[in-house]
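Subject: A structure for you to look at

Hi there,

Here is the structure I promised to pass on to you. Have it open on your screen while you read, and take your time with it.

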Amino acid sequence: NDCIIGVITREKKGYYVLSCDNPKIYKNLLISRENLNGAQIGDRVSAQIIKYSENGNIYGEVIVILGDSESIEGYIEGIILDHKIKQEFDDETLREAAKVEEEISKTELMGRTDYRKLLTFTIDGDNAKDFDDAVSLYIKYNGNYELGVHIADVTHYVRENTALNAEAFERGTSVYLSDRVIPMLPEKLSNGICSLNPNV
């Protein structure tokens with residue numbers, strides 16, 4: 001069953017009322033005491049529907065307690081669950097990521113242009129979660145300016161027909177939330193070799 005995120009707001013006729021975060025779910029869930037699984041009034045929870053009654057009531061069971069209804073962390077966890085955002089990477093993806101070299105070898109540099117001596121600035125702010133865009137500007141011998149736009153070379157490390165590629169394709173993008181980032185690729189790549197980090 002799909003999870004429904006909401007807050008246990010009150011008790012009504014022996015059942016606890018789950019007020020749903022999603023405004024499209026206009027009907028509250030009713031949860032019996034035995035199906036609270038430790039939740040209390042004021043908790044934000046993830047619940048699942050267990051029964052529809054003939055009189056239109058919907059009954060549910062608490063699956064996960066996310067925290068107090070005023071907790072930002074609990075609210076964010078609810079968004080992640082509600083949108084089915086995958087947080088963990090499977091073992092094969094992590095194994096492939098572990099094999100990626102953390103430094104560029106001399107062999108890899110052959111046939112590639114090395115811009116590391118060119119003064120280059122990230123355009124991602126100090127509080128950015130990753131650094132994958134940068135610019136450079138210099139005056140050429142003829143007096144013209146050359147603007148360089150530098151983008152992290154992810155495709156060099158994420159090849160077709162690999163678990164890394166399948167995982168990235170499934171996720172589609174990194175997810176940026178107010179208190180965290182859920183990356184499209186394992187951190188070794190997203191914050192390491194696939195990131196334009198300073199002085200590297």
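Below is what I found in it, topic by topic.

Before we start, please keep in mind that this is a predicted model.

Salt bridges

How many salt bridges does the structure hold? The count is 11. A good one to begin with joins the side chains of Lys-86 and Glu-167, with N and O 3.1 Å from each other. This pair ties together distant parts of the chain, since 81 residues separate the two partners. Lys-86 belongs to the loop between helix 1 (72–82) and helix 2 (91–99), while Glu-167 is part of helix 4 (residues 163–171).

Are these two side chains buried or exposed, or something in between? Lys-86 has a relative accessibility of 32%, so it counts as partly exposed. Glu-167, in contrast, is buried, because its relative accessible area is 2%.

Lys-86 also has a salt bridge with Glu-170, where the closest N and O atoms are 3.8 Å apart. Here too the link is between distant parts of the chain: Lys-86 sits in the loop between helix 1 and helix 2, and Glu-170 lies in helix 4, 84 residues away. Glu-170 is exposed, with 54% of relative accessible area.

Another salt bridge to look up is the one between Arg-180 and Asp-179, whose closest N and O atoms are 2.9 Å apart. Arg-180 is buried at 18%, and Asp-179 is partly exposed at 37%. Going back to the earlier residues, salt bridges with shared partners connect Lys-86, Glu-167, Glu-170 and Arg-171 into one network.

Cysteines

How many disulfides are there? The count is zero. Take Cys-20 as an example: the closest cysteine sulfur to its own belongs to Cys-3 and is 11 Å away, which is too far for a bond, because the two sulfur atoms of a disulfide must be within 2.5 Å. Cys-20 is buried, with a relative accessibility of 13%. Cys-194 is buried as well, at 5%.

Pockets

Which residues are closest to the centre of the largest pocket? They are Arg-116, Ser-195, Leu-196, Asn-197 and Val-200, out of 31 residues that line this pocket. The space in the largest pocket is about 1,100 Å³. Strand 6 (120–122), strand 8 (145–151) and helix 5 (187–193) are the elements that each give two or more residues to its lining. Sorted by class, that lining is made of 16 nonpolar, eight polar and seven charged residues.

The second largest pocket holds about 250 Å³ of space. It has 14 lining residues, and those nearest its centre are Asp-132, Val-154, Ser-174, Met-184 and Leu-185. In this lining, eight residues are nonpolar, four are polar and two are charged.

If you would like a place to start, find Lys-86 and follow its salt bridges to Glu-167 and Glu-170. After that, try Arg-116 and Ser-195, which are among the residues closest to the centre of the largest pocket.

Happy exploring, and best wishes!

Technical notes
Residues numbered from 1 in each chain as written. Predicted model: local features only at pLDDT ≥ 70, side-chain atom pairs only at ≥ 80, totals over all residues. Heavy atoms only, no water. Salt bridge = Lys/Arg side-chain N within 4 Å of Asp/Glu carboxyl O. Helix = DSSP H or I, 4+ residues; strand = E, 2+ residues; numbered from the N terminus. Buried < 20%, exposed > 50% of the residue type's maximum accessible area, 1.4 Å probe, protein only. 1 Å grid on protein atoms, 1.4 Å probe; cavity = no way out; pocket = protein on both sides within 12 Å on 5 of 7 lines; lining within 4 Å. Points joined across faces, edges and corners; volume = space filled by probe spheres on them. Nonpolar A, V, L, I, M, F, W, Y, C, P; charged D, E, K, R; others polar.
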